[in-house]
Amino acid sequence: MTERCDLLITNANAATMDPSIPGGYGAIEDVAIAVTGGRIVWIGPRNELPDCAADDVVDGEGCWITPGLVDCHTHLVYGGHRASEFARRLGGESYEEVARAGGGILSTVRATRAASAEDLYRAAEPRLQALLSEGVTTVEIKSGYGLELDTELKQLRTARRLAQHYPVDIVTTCLAAHALPPEYDGRADEYIDLVCEEILPAVAKEQLADAVDMFCESIAFSVDQCQRVINCAKELELPVKAHAEQLSQSGATAMAANAGALSVDHVEYINNMDVAAMAENGTVAVLLPGAFYTLKETRVPPVESLRASGVCMALSTDLNPGSCPIASLRLMMNMGCNLFGLTPAEALAGVTRSAARALGLCCSRGVLRAGLRADMVLWPMDTPDQLAYEFGALKPAKIYFGGRNVTA
Ligand code: NIG
Ligand code: FE
């Protein structure tokens, strides 16, 4: 470490989430963190801090410091809402029934196609702001409500534009294979041709997507069709992820994991073979308890088996107008524990270290360690267990994005 640094935080404790530090939180009590050029340059017990003069010395006031939170799976750029569909589901219709009747994702496709780029941007802002107020510093945003080139591009450009105006890193994912658009009714293979021959190459050419996603399910695309999308993404040198085994078992998780997917998301219906494929390929299981809760699902992901096999489990909001209109990653931590059986430390790993890994970003964030980004949140709490335990009143005292104080 150099003798001078930009920022030095002391009088605090850290939940570093560094797996090389024993204990689920990688805790360092009475920590010192030195930051220069947006990166952590030193972190450790304060009594071991080398001589260091800092431009800005911050008293952490006894807070716990965590890595900036990472929401690794959202669909937060969309037009309209689906409150009427919510009422229908409360009346007994299932998510699949609503989708098969032309509602669901296709209802949002209609609204998103009709919205101007400015409308989409203005509608997305409060959703993003809600996440940022909870200490989220990296957000993934998917397209998938266009299902035609222009609207997919409009969604992805809107996501990129948000990153220019808010203190957050936005990772974009092209989810053109989200549902079959009405103009391709009965011609799913032809739509996949369009995705592979037109939409993905155009998105890649404009560098609008950092990854490619797909929805493998009876109300969306088959395993073979998803395999074609993966092959195309590989040709374009884009990493892949998949929505799989949300409503039924299809084999998509094993297929995607064996193809090197960064993550497979939902995974309620995965079996032992799927878990083994994820473990073997280092594929992250992204758990989405808000969608499980909203759709009143009953089948929980096999957390015990994922844990025993060493599969990393991330947690995310899945923020979208249908299966999870809930803009709170903190609430997902609570749901991950109460609904899926995660420990509070696993829940925090799920929104930091494992979420970064699900985005292919574990070399730069998700853990507080020298050399990584200084995305940090100071929480006025006695123990990091409080982050999953309580909800509503516990807010960040300070948020640093790349070493910059961005507290609202
Ligand atoms: O992750 N499963 C597919 N896609 C979204 C839901 C999209 C929607 O209903 O609008 C999800 O749950
Ligand atoms: Fe999703």
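Here are legends for several views of a predicted model.

**View 1. The whole protein chain, from end to end.**
Let's start with the full picture before zooming in. The protein chain holds 15 helices and 16 strands. Measure the C-alpha trace along its principal axes and you get about 70 × 45 × 45 Å. How does the radius of gyration of the protein chain fit that of a compact globule? A compact globule with 408 residues would come out near 22 Å, and the protein chain has 21 Å, so the two agree. Buried residues make up 55% of the 408 residues. Take the contacts with a separation of 6 or more: 70% of them are between residues 24 or more positions apart.

**View 2. Two domains and the place where they touch.**
The domain assignment splits the protein chain into domain 1, made of 4-67 + 366-405, and domain 2, covering 69-358. Notice that domain 1 is written as two stretches of the sequence. Taken over C-alpha atoms, the centres of the two domains are 30 Å apart. Domain 1 puts 20 residues into the contact, and domain 2 puts in 22 residues. On the domain 1 side, the elements giving two or more residues are strand E5 (64-67), helix H15 (386-389) and strand E15 (398-401). Helix H15 has the largest share of that side, with three residues. Sort the residues on this side of domain 1 by class and you find 14 nonpolar, three polar and three charged.

**View 3. Four residues from a UniProt record.**
Which residues does UniProt list under "binding site"? The unreviewed entry names His 73, His 75, His 243 and Asp 318. They are spread over 246 residues of sequence, yet they cluster in space, with a largest C-alpha distance of 12.2 Å.

**View 4. A closer look at His 73 and His 75.**
His 73 sits in the loop between strand E6 (69-71) and helix H1 (83-90), and His 75 is found in the loop between E6 and H1 too. Is His 73 buried or exposed? His 73 has 30 other C-beta atoms within 10 Å, so it is buried. His 75 counts as buried as well, because it has 27 C-beta neighbours inside 10 Å. Leaving out residues up to four places away in sequence, His 73 touches Glu 140, Asp 265, Val 286, Leu 288, Ser 316 and Asp 318. Asp 318 is also on the UniProt list. With that sequence limit again, His 75 touches Lys 142, Gly 144, Leu 319 and Asn 320.

**View 5. The shell around ligand 1.**
There are 13 residues around ligand 1. Those that come nearest are Ile 105, Ala 291, Asn 320, Gly 322 and Ser 323. Asn 320 may ring a bell, as it is one of the residues that His 75 touches. By class, the shell has four nonpolar, eight polar and one charged residues.

**View 6. Two loop residues with a positive phi.**
Met 17 has a phi near 65°, a positive value in a residue other than glycine. Look for Met 17 in the loop between strand E1 (4-15) and strand E2 (27-36). Lys 296 isn't a glycine either, and its phi is positive at about 50°. Lys 296 lies in the loop between helix H10 (289-294) and helix H11 (303-308). Now for their surroundings. Met 17 counts as buried because it has 25 C-beta neighbours inside 10 Å. Lys 296 has 10 other C-beta atoms within 10 Å, so it is exposed.

Conventions: Residues numbered from 1 in each chain as written. Chains lettered and ligands numbered in written order. Predicted model: local features only at pLDDT ≥ 70, side-chain atom pairs only at ≥ 80, totals over all residues. Near = placed C-beta within 6 Å. Nonpolar A, V, L, I, M, F, W, Y, C, P; charged D, E, K, R; others polar. Domains from an automatic or database assignment. Contact = placed C-beta atoms within 7 Å. Helix = DSSP H or I, 4+ residues; strand = E, 2+ residues; numbered from the N terminus. Buried ≥ 20, exposed ≤ 12 C-beta atoms within 10 Å, placed from the backbone. Rg over C-alpha atoms; globule rule 2.2 N^0.38 Å. UniProt positions renumbered as here; feature names shortened; annotations may be inferred.
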